[in-house]
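Here's a quick walk through this model, from one residue's surroundings out to the whole chain and back to some backbone oddities. Have the viewer open while you read.

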Amino acid sequence: MVDSSLAERLKSYQQQLRPDEPLVEGRLVRMVGLTLEAVGCNLPVGSYCYIESVSGTPVEAEVVGFAAERIYLMPLKSAEGLRPGARVTPNKRALQVPVGFGLLGRVLDGYGRPLDGKGALASEGETNLNGKVINPLERHPIDTPLDVGVGAINAMLTVGQGQRLGLFAGSGVGKSVLLGMMTRFTKADITVVGLVGERGREVKEFIEQILGPEGMARSVVVASPADDAPLMRLRAAQITHSIAEYYRDKGKNVLLLMDSLTRYAQAQREISLAVGEPPATKGYPPSVFARIPQLVERTGNAAKGKGSITAFYTVLTEGDDQQDPIADAARAILDGHIVLSRRLAEEGHYPAIDIEASISRAMPQIVTPEHLARVYRFKQLMARYEQNKDLINVGAYTRGSDPEIDLAIGLMPAMKEFLQQPLDQQQDFLTSSQRLELLAKAMRTNRSQ
């Protein structure tokens, strides 16, 4: 039998312990690739902890899964200096996102810390990484055009305040340049830019050359280049959205640009495969396709009279494959897509927007029926020309055989000129609409002759 005094002491100690409180400390027992395994820490998924390293600087990690008594951890930075049996200590303070108007003109990393060497952030508080869910019935419908300063988009793919669009492009066809044009020219109160998983040198180039001092003055940039750990890249995307949500809740009309949604999905794939989730579609586990709508649905309009987040997500189509699984998933959840064509880029046609393959789903609700009719007529002639382009180029088509093709041939130089725009030149919504109306008149005049 246990001594009565000892039993009483054990009982008193047991009462002092909270059954819902995790154990204070655990130890590292395994490391394979990006995945760390620890025992002794009863930590929930999504919490953070510190792992002791030989350098003396602890490695911060997030709990991403568990199996029986073991928890799976993913480091937020390099895991160098870890050893078997290293202490694992819970970080009771969850990582928060600094927010406030003092962030304008600043560049942050995936931790939410300044990258630009301009000193501490003048934040007004902190917010959660995951944001809050908005009741879909409380969202104000998309009914107001947004001037993005790019004529082809304003006239042919009109964007509405609170709309979410994808910018689908292969590498090297000008998506970053188009993003920079929209950042400088869009009529929005504040711009939040997320550079996730792109080349490190592109971050400075985007800020200094594409964004410029004028665009940067009303922008916040969150950057996590390709050499960051996958968790950092995920956090950078979440921080980008948390900051945009803060400004929307303050009644501002926000433009959110994220380059790229594909790199975000690839970061989630790295994490999911590392913890043992089976691949489903072309190497992507199911959790990737669950994460995309969770992120995208954080943008859009708030309730009537409050702010909005108009979002553009770049989607990298590997080998210009529009049926890539991420491109397909993004196309299904977004409110439209703008496709950039490598063929047009090689011809020196900028911005290289493929009008036939692009669509704005909100456009019928935000432009007049007359404007929509002009766009449809423009696309009909463009499609007719493209269908017979080979015959026209080799001289096999005889003029007079088809009036529609004759009209398309005659107007094609003006139509191509209409879709092009110098990178440093702004074209507002009114000017774009007027140019389209003049082109529509030429279509009617030539057809009647």
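Leaving aside neighbours within four places in sequence, which residues is T183 in contact with? In this predicted model, the partners of T183 beyond that window are T191, F206, L211, R218, S219, L255 and L257. T183 itself sits in helix α3, which covers residues 175-185. Its relative accessibility is 0%, so T183 counts as buried.

Now zoom out. The protein has 449 residues, and 51% of them are buried. Its secondary structure comes to 14 helices and 19 strands. Along the principal axes, the C-alpha atoms fill a box of roughly 110 × 45 × 40 Å. If you take the contacts between residues at least 6 apart in sequence, 72% of them join residues at least 24 apart.

The chain is divided into domain 1 (26-91), domain 2 (96-367) and domain 3 (370-443). Taken over C-alpha atoms, the centres of domain 2 and domain 3 are separated by 30 Å. How many residues of each are in contact across that pair? On the domain 2 side there are 27, and they touch 24 residues of domain 3.

Next up is a helix pair. Two packed helices are described by the angle between their axes and the distance between those axes. For helix α6 (residues 261-274) and helix α7 (residues 286-296), the angle is about 135° and the axes are 9 Å apart. That angle makes α6 oblique to α7. The crossing of α6 past α7 is right-handed. From α6, the contact draws on L261, Y264, A265, Q268, R269 and S272, while α7 brings in S287, V288, R291, I292 and L295. By type, the residues in this contact of α6 with α7 split into six nonpolar, three polar and two charged.

Another spot to click on is G307, in the loop between β16 (300-301) and β17 (308-316). Is G307 buried or exposed? G307 has a relative accessible area of 2%, so it is buried. Apart from neighbours within four places in sequence, G307 is in contact with R248, G251, K252, N253, N301 and A302. Also worth a look is the pairing of G307 with V254: they are 53 residues apart in sequence, yet their C-alpha atoms are 7.6 Å apart in space.

Finally, the backbone. Most residues other than glycine have a negative phi, and most peptide bonds are trans. Here are some exceptions to check.

| Site | Backbone feature | Value |
|---|---|---|
| D259 to S260 | cis peptide bond | omega near 10° |
| Y350 to P351 | cis peptide bond | omega near -10° |
| A68 | positive phi, not glycine | phi near 55° |
| K282 | positive phi, not glycine | phi about 50° |

Where do these sites fall? S260 is in the loop between β15 (253-259) and α6. P351 belongs to the loop between α9 (342-346) and β19 (359-360). A68 is in the loop between β4 (59-67) and β5 (70-75), and with 74% relative accessibility A68 counts as exposed. K282 takes us back to the helix pair, since K282 lies in the loop between α6 and α7. At 60% relative accessibility, K282 counts as exposed too.

Methods: Residues numbered from 1 in each chain as written. Predicted model: local features only at pLDDT ≥ 70, side-chain atom pairs only at ≥ 80, totals over all residues. Heavy atoms only, no water. Axes fitted to C-alpha atoms, helices over the stretch in contact; angles between N-to-C directions. Helix = DSSP H or I, 4+ residues; strand = E, 2+ residues; numbered from the N terminus. Parallel < 35°, antiparallel > 145°, perpendicular 65-115°, else oblique. Left-handed = near helix turned anticlockwise from the far one by under 90°. Contact = heavy atoms within 4.5 Å. Nonpolar A, V, L, I, M, F, W, Y, C, P; charged D, E, K, R; others polar. Buried < 20%, exposed > 50% of the residue type's maximum accessible area, 1.4 Å probe, protein only. Domains from an automatic or database assignment.
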